[in-house]
Amino acid sequence: EVGDREGPIELSGETVDGDTYDLADQRGKVVVVNVWWSGCGPCIKEMPMLTEADAETGDDVAFVGINIRDNSAADAQVFEDRLGVDYPSIYA
């Protein structure tokens with residue numbers, strides 16, 4: 001039930017390219033959150049599919065990644081650049 005729902009989650013942080021991301025800026029949209037790292041086999045396989053979905057859904061859906069294991073934001077950025085990821089990823 002709508003009345004049983006909890007409030008929106010808070011998620012923010014510095015992205016792999018040095019910007020700041022705040023999930024609150026996406027309120028009212030569906031947001032796809034993907035947790036990944038560049039050495040994860042399934043992550044490598046799914047990233048092109050997520051990038052394609054991001055391009056196809058336009059402004060109605062927002063995508064954000066959370067990088068959890070790369071040794072540096074620069075390593076994560078290289079991975080995203082190589083795979084053509086246009087949406088932001090928080091470096092955790």
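Asn71 is exposed, with a relative accessible area of 74%. That value is over the 50% cut-off, so the residue earns the word "exposed". The model is predicted, and Asn71 is a good place to enter it. Asn71 sits in the loop between S4 and H2. Now look across to Tyr91. Asn71 and Tyr91 are 20 residues apart in sequence. In space, their C-alpha atoms are 10.0 Å apart.

Step from that loop into helix H2, where Asp75 lies. Asp75 has 38% relative accessibility. It falls between the 20% and 50% cut-offs, so it counts as partly exposed. Its partner for a distance check is Ser38. Along the chain, Asp75 and Ser38 are 37 residues apart. Their C-alpha atoms are separated by 8.0 Å.

Gly39 gives a similar kind of check. Gly39 belongs to the loop between S3 and H1. Its relative accessible area is 43%, so Gly39 is partly exposed. From Gly39 to Ala76 is 37 residues in sequence. C-alpha to C-alpha, Gly39 and Ala76 are 9.9 Å apart.

Ala76 leads inside. Which residues make up the largest nonpolar core? There are 12: Val16, Trp36, Cys40, Cys43, Met47, Leu50, Val61, Phe63, Ala76, Phe79, Val85 and Tyr87. Three elements give two or more residues to this core: helix H1 (41-57), strand S4 (61-67) and helix H2 (73-83). H1 gives the most, with three residues. Apart from this core lies another, of six residues. Leu11, Tyr21, Leu23 and Val64 are among them. A general tendency is worth recalling here. In soluble globular proteins, nonpolar side chains tend to be buried together.

Stay with Trp36, a member of the largest core. Leave out residues up to four places away in sequence, and Trp36 still touches Cys43, Met47, Gly65, Ile66, Asn67, Ile68, Asp70, Ala76, Phe79, Glu80 and Ser89. Among these, Cys43, Met47, Ala76 and Phe79 also belong to the largest core.

Ser89 is worth a stop. Ser89 is found in strand S5 (residues 89-91). Is Ser89 buried or exposed? Its relative accessible area is 1%, which is under the 20% cut-off, so Ser89 is buried. What joins the side chains of Ser89 and Trp36? A polar contact of 3.1 Å does. Setting aside neighbours within four places in sequence, Ser89 is in contact with Glu14, Thr15, Val16, Trp36, Gly65 and Glu80.

Next, back to the surface. Val33 lies in strand S3 (residues 30-36). At 41% relative accessibility, Val33 is between the cut-offs of 20% and 50%, so it counts as partly exposed. Val33, Val35 and Ile68 make a nonpolar surface patch of about 240 Å². Ile68 has appeared before, as a residue that Trp36 touches.

End with Ile9, in the segment before strand S1 (12-14). Ile9 has 55% relative accessibility, over the 50% cut-off, so it counts as exposed. Beyond its neighbours within four places in sequence, Ile9 is in contact with Leu23 and Arg27. Leu23 is one of the residues in the six-residue core. Gly28 is 19 residues from Ile9 along the chain. The C-alpha atoms of Ile9 and Gly28 are separated by 13 Å.

Terms used
Residues are numbered from 1 along each chain as its sequence is written. This is a predicted model: local features need pLDDT of at least 70, side-chain atom pairs count only at pLDDT 80 or more; totals for chains, interfaces and linings use all residues. Side-chain values use heavy atoms; hydrogens and water are left out. Helices (H or I, at least four residues) and strands (E, at least two) are DSSP runs, numbered from the N terminus. Buried means under 20% relative accessible area, exposed over 50%, partly exposed in between (1.4 Å probe, protein chains only). A polar contact is a pair of N or O atoms within 3.5 Å; within protein, one must be able to donate a hydrogen and the other to accept it, and residues adjacent in sequence count only if both atoms are side-chain atoms. Contact means heavy atoms within 4.5 Å. Patches are made of residues with over 30% relative accessible area and no salt bridge: like charges are joined within 9 Å, nonpolar side chains (Val, Leu, Ile, Met, Phe, Trp, Tyr) within 5 Å. Accessible areas come from the Shrake-Rupley method with a 1.4 Å probe; for residues, only the protein chains shown count as cover. A salt bridge is a side-chain nitrogen of Lys or Arg within 4 Å of a carboxyl oxygen of Asp or Glu. A nonpolar core is a set of buried Ala, Val, Leu, Ile, Met, Phe, Trp, Tyr and Cys residues joined through side-chain atoms within 4.5 Å.
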